[in-house]
Structures are given as structure tokens and as C-alpha cells.
Amino acid sequence: MFRTALKRFQNKWKSYRHRFVPWIILNLSKNEKTLRQVPELSEDKLVPDEEVSHSLLQLFRLLLRSQHVTHGEPRATQTHFLRQVTSEEDQGGGNSVCGDDAMFQCLGFCIDRRPSTLPFAGTGVFVTRGFVPKGATVAMYPGTVYQAYEPILLQSIRNPFVFRCIDGVLIDGNDKGISKMVFNSCSGRDRLGPFMMSDTSWLTESPLNPLAVGQYVNNCSNESPANVCYQEYDVPHKFPIELRQYLPNVNYSNDTQRPLRCVVLVSLRDITAGEELFSNYYTIVR
């Protein structure tokens, strides 16, 4: 019985260590290529915020136009905005499309969660269709956004999905347990009439926003160098209210004056279908 329990722990650790920061730090010296890829924190954005906004808005508009029911609300509540989006951007006939089809139609590629090519790394993220050009917004890191002074102790226990931004802001990308309950609670709190201010579907196996799987991108290694990097993106206040329902992030505190912090993953090179996405956990650009 002891051996069985020990074996379970060892298998769990082999998977967890790929996201356990102290273990990654201790093993950086063994991965010379990875070590060379760790630059100082950068103030220069690889992609301007305007380009990130354009990609998100293009995808979200098509998702909204294609969505007959939004978070349990009848389509009638969205009629005005559906008409507006349809007139602004005709995507060819008004047929309903799923998230993957919308992504391919707008961005030219699809991504999805699949077993990682790294031994014992668990789930990874792959380009499953199309072609990702260098500088494209490939994914988003979902989760509850905590300021440096806000409580996250309980949520962080045995949680490998807590992402730290340059300024100390934390994003909890765990889709289970306490983290899931906190996100659902904050999302419900911020609802404005018929409109949700964030997307809770990333907590399920079928997110409405197909980009919201960035928390499952694994860390790079000598054999698998980084092909994407993290970039901070503060959602502008002018971001359309009817499209915020696809943002997979929510502030822990109800502070309407602070812009919502998101983190997107941007491609460092051209990426073809079949490739797994790898990031460098120490490469963040503001």
C-alpha cells in the first residue's frame, strides 16, 4: 500500500514539476538553451496593444454574431448588438459557427488542448489547424486577477497555474477547486444587466473563447524551445461592453476604475499545424 501511494506521488510530481517555479529555477542550469532565452523583463511590447485588440475584437464579434444564446440569456436580449455587429463586419451569410471555426475564419489557425509531447507534463496546447504567423496573438491566459496586496494564499496551495506579471499582479488560471468558485463568484458580481463582463466557459471543457487555454502552455526546454511568449494587455475602457463576455479574466476586487489585466501569448516565429506551443515562464513583456 505504501509503495502504491509513493508511486502515485511520484507520478503526480513528474507532472506538477513542469509548473513548479522552484523546480524550474533549480533546473535552468541544466538547460543552457532555456537559460539563454531568459532575458531581463522588457518594457517593449512585441505586438502593439492595438493589434492585440484588433485580433480579439475580430474574433469576439464573430462569436457574438454566431451565438444564439449567451450565458443562458435568450437571443432577443442581444438583438440590437447582433444587428450592429452583422452590419459592421459581414463574415459571409450569418451561419452559426463554433469557436474553432470562428478562430480559423478570423485568425487563420486553431489551437486546442492535447496530451503534451513532454514526458509527464500532462496537458499541452497545440496548433491543430492552419498557420500562425510571427507576432500573432495565439492564446490568452485566463483567470482571476489579483493585485499584489490581495489575498490569494488559499487559492495558491498546490496550484501550478498562478501567473505573476511584472508589476506583481497575479492571475490564477486554475479551473478547479477554490479558484473556480472565486472566478464564478466575481464574474456573477460584475454582471451588468443582461451582459456578462467576463467569460466563465473557460472553466469547462468547451470554452466559448477558443483562445482561453493559455494556462496549459508548457515551459520550454532544450529540446523544445519557446515559440510563444507572454505579453501583458490591459483591456481599454472603450472595449465594447457586449464583447466583454468573452474575456476570460475578472478582477478579484470590484474596482471599476482599474483596467482589467489580461495576458496574451504572442508567437515568436511562424508556427505550423501539429506543433505544440512552448513558452518561457520567465519571459514577460509589459
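Reader: Where does Leu46 lie?

Author: Happy to start there. This is a predicted model in which local features need pLDDT of at least 70 and side-chain atom pairs count only at pLDDT 80 or more, while totals for chains, interfaces and linings use all residues. Residues are numbered from 1 along each chain as its sequence is written, and side-chain values use heavy atoms, with hydrogens and water left out. Helices (H or I, at least four residues) and strands (E, at least two) are DSSP runs, numbered from the N terminus. Leu46 lies in the loop between helix 3 (32-36) and helix 4 (49-66).

Reader: Is Leu46 buried, partly exposed or exposed?

Author: Buried means under 20% relative accessible area, exposed over 50%, and partly exposed in between (1.4 Å probe, protein chains only). The relative accessibility of Leu46 is 48%, so this residue counts as partly exposed.

Reader: What distance separates the C-alpha atoms of Leu46 and Gln231?

Author: Along the chain, Leu46 and Gln231 are 185 residues apart. In space, their C-alpha atoms are separated by 7.7 Å.

Reader: How many residues does helix 8 have, and what span does it reach?

Author: Helix 8 (residues 177-189) has 13 residues. The expected span of a helix is 1.5 Å times one less than its number of residues, which gives 18 Å here. From first C-alpha to last, helix 8 comes close to that, reaching 19 Å.

Reader: Which residues of helix 8 are buried, and why are they on the same side?

Author: The buried residues are Ser179, Val182, Phe183, Cys186 and Ser187. They are on the same side of helix 8 because they cover an arc of only 130 degrees around the axis. That arc is taken from the directions from the helix axis to the C-beta atoms. The face turned away from this buried side carries the exposed residues Met181 and Ser185, so the answer is Ser179, Val182, Phe183, Cys186 and Ser187, held within an arc of only 130 degrees.

Reader: What do the buried residues of helix 8 pack against?

Author: Contact means heavy atoms within 4.5 Å. The buried residues of helix 8 pack against strand 4 (143-146), helix 7 (153-156), strand 6 (170-172) and strand 9 (249-251).

Reader: Which residue is the bridge partner of Thr144 in strand 6?

Author: Two strands pair if DSSP finds at least two bridges between them. Strand 4 pairs with strand 9 in the parallel sense over three bridges, and Gly143 stands opposite Asn249 there. Three bridges also join strand 4 to strand 6, running antiparallel. In strand 6, the partner of Thr144 is Asp172.

Reader: What is the order of the open sheet of three strands?

Author: Its pairing is antiparallel, and strand 1 (109-115) and strand 11 (271-272) are the edge strands, each pairing on one side only. Strand 2 (residues 123-132) pairs with strand 11 over two bridges, with Val132 opposite Ile271. The order is 1-2-11.

Reader: How many aromatic pairs are found, and what is the angle between the planes of Tyr141 and Phe163?

Author: Rings of Phe, Tyr and Trp (its six-membered ring) pair if their centres lie within 6.5 Å; planes under 30 degrees apart count as stacked, over 60 as edge-to-face and the rest as tilted. A search of the whole structure finds eight pairs. Tyr141 and Phe163 form a tilted one, 5.1 Å centre to centre, with an angle of 45 degrees.
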